[in-house]
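Got the viewer open? Keep the selection box handy, and we'll walk from one stop to the next.

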Amino acid sequence: MSGKSLLLKVILLGDGGVGKSSLMNRYVTDRFDSQSFHTIGVEFLNRDLEIDGKLVTLQIWDTAGQERFKSLRTPFYRGADCCLLTFAVDDLQSFQNLGCWKKEFMYYSDVRDPERFPFVVLGNKVDKEDREVGEDEASAWCEENGCCPYFETSAKDDTNVGAAFEAAVREVLAGDDLIDHTLLSSTIDLHGNRKVARSSCC
Ligand code: GDP
């Protein structure tokens, strides 16, 4: 991709086992592994894309939902531009925990405008027969909690995965004034800090 690209950090949050790593890997590498990835701590992958004429590098951060990684929360949440709250449609508990994940994100992150921060919700594993959460129920929760849009995804079948990540980018770009445009060509280190690559002019 040529030209300057806007670096956007999106984070996947949700209970362990709902498919966060699988969604990230499906979107970035177009692969699915039926074995759990057992995310240790935090990891991220980048994908470049062009949306509405804008070049974007999407940095997708994935972490284990387990309590044992508490110390990694702050760097993980810091500098996020969008949060993808994820549950599995065959796991009612993971749906019921969405509100906790949202609260936790708001508590630990450094978002400038909590009212306008974009959340996208993913109901993953829609390929499975044994659903415990209906689409209407999930959509209603999203409306009530200001977390829209909602996508029903399957990392396994590649259903709506690209659409969900692209919607996240659109949500961020729609709140354009929240983006710090000096962040063109910046990087984000493992502590969640952005480093802006400044060109040496003059
Ligand atoms: P994470 O802990 O949220 O990152 O979840 P993983 O990505 O490790 O996935 C947990 C398990 O669910 C793994 O066995 C995956 O293969 C499986 N899985 C993930 N996404 C899907 C999906 O869309 N459909 C089905 N049937 N299984 C999935």
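Start by selecting aspartate 130, which sits in the loop between strand S5 (119-124) and helix H5 (135-144). Bear in mind as you look that this is a predicted model. Is aspartate 130 buried or exposed? It has 8 C-beta neighbours inside 10 Å, and the limit for exposed is 12 or fewer, so aspartate 130 counts as exposed. Now add aspartate 91 to the selection and draw a C-alpha to C-alpha distance: the two aspartates are 9.0 Å apart in space, with their positions 39 residues apart in sequence.

Stay in that loop and pick lysine 125, which also lies between S5 and H5. Check its backbone torsions: phi is positive, about 70 degrees, although this residue is not a glycine. Lysine 125 has 25 other C-beta atoms within 10 Å, so it is buried.

**On to the ligand**

Select the ligand and expand to its surroundings. How many residues surround the ligand? There are 20, and the closest are Gly19, Lys20, Ser21, Ser22 and Lys156. Colour that shell by residue class and you should get 11 polar, 6 charged and 3 nonpolar residues. Which element gives the largest share of the shell? That is helix H1 (residues 20-29), with 3 residues.

**Helix H1**

Keep H1 on screen and switch to a view of burial. Of its 10 residues, 8 are buried, so the helix is largely enclosed by the rest of the structure. To highlight the buried ones, select Lys20, Ser21, Ser22, Leu23, Met24, Asn25, Arg26 and Tyr27. Two of these names, Lys20 and Ser21, you have already met among the residues closest to the ligand.

Next, show helix H6 (residues 161-174) alongside H1. Two packed helices are described by the angle between their axes and the distance between the axes. For this pair the angle is about 90 degrees and the axes are 9 Å apart. Roughly perpendicular covers 65 to 115 degrees, which means H1 is roughly perpendicular to H6. To see the contact itself, select Leu23, Arg26 and Tyr27 on H1, then Val161, Gly162 and Phe165 on H6. By class, the contact of H1 with H6 comes to 4 nonpolar residues, 1 polar and 1 charged.

Now follow the chain out of H1 to aspartate 30, which comes after the helix. Aspartate 30 is in the loop between H1 and strand S2 (42-51). Its phi is near 60 degrees, a positive value in a residue other than glycine. How does its burial come out, buried or exposed? Aspartate 30 has 10 C-beta neighbours inside 10 Å, so it counts as exposed.

**Around strand S6**

Jump to proline 149, in the loop between H5 and strand S6 (150-152). Select cysteine 148 with it and look at the peptide bond joining them: it is cis, with omega near 5 degrees.

Step across S6 to threonine 153, in the loop between S6 and H6. Threonine 153 has 30 other C-beta atoms within 10 Å, so it is buried. What does threonine 153 touch, leaving aside its neighbours within four places in sequence? Its contacts include Leu23, Leu122, Gly123, Asn124 and Val126, along with Thr159, Asn160, Val161 and Ala164. Leu23 and Val161 should look familiar from the contact of H1 with H6. One more distance to draw: the C-alpha atoms of threonine 153 and alanine 88 are separated by 9.1 Å, with the two residues 65 apart along the chain.

**Zoom out**

Finish with the whole protein chain as a cartoon. You'll find 6 helices and 8 strands, and reading along the sequence the pattern is β-α-β-β-α-β-α-α-β-α-β-α-β-β. Buried residues make up 37% of the 202 residues. Of the contacts with a separation of 6 or more, 72% join residues 24 or more positions apart.

Last, colour by pLDDT. The chain averages 83, and 77% of the residues score at least 70. Select residues 196-202 and you'll see pLDDT stay under 50; the model has 6 contacts beyond four places in sequence for that stretch. As for the overall scores, ipTM is 0.99 and pTM is 0.86.

Technical notes: Residues numbered from 1 in each chain as written. Predicted model: local features only at pLDDT ≥ 70, side-chain atom pairs only at ≥ 80, totals over all residues. Near = placed C-beta within 6 Å. Helix = DSSP H or I, 4+ residues; strand = E, 2+ residues; numbered from the N terminus. Nonpolar A, V, L, I, M, F, W, Y, C, P; charged D, E, K, R; others polar. Axes fitted to C-alpha atoms, helices over the stretch in contact; angles between N-to-C directions. Parallel < 35°, antiparallel > 145°, perpendicular 65-115°, else oblique. Contact = placed C-beta atoms within 7 Å. pLDDT = per-residue confidence, 0-100. Buried ≥ 20, exposed ≤ 12 C-beta atoms within 10 Å, placed from the backbone.
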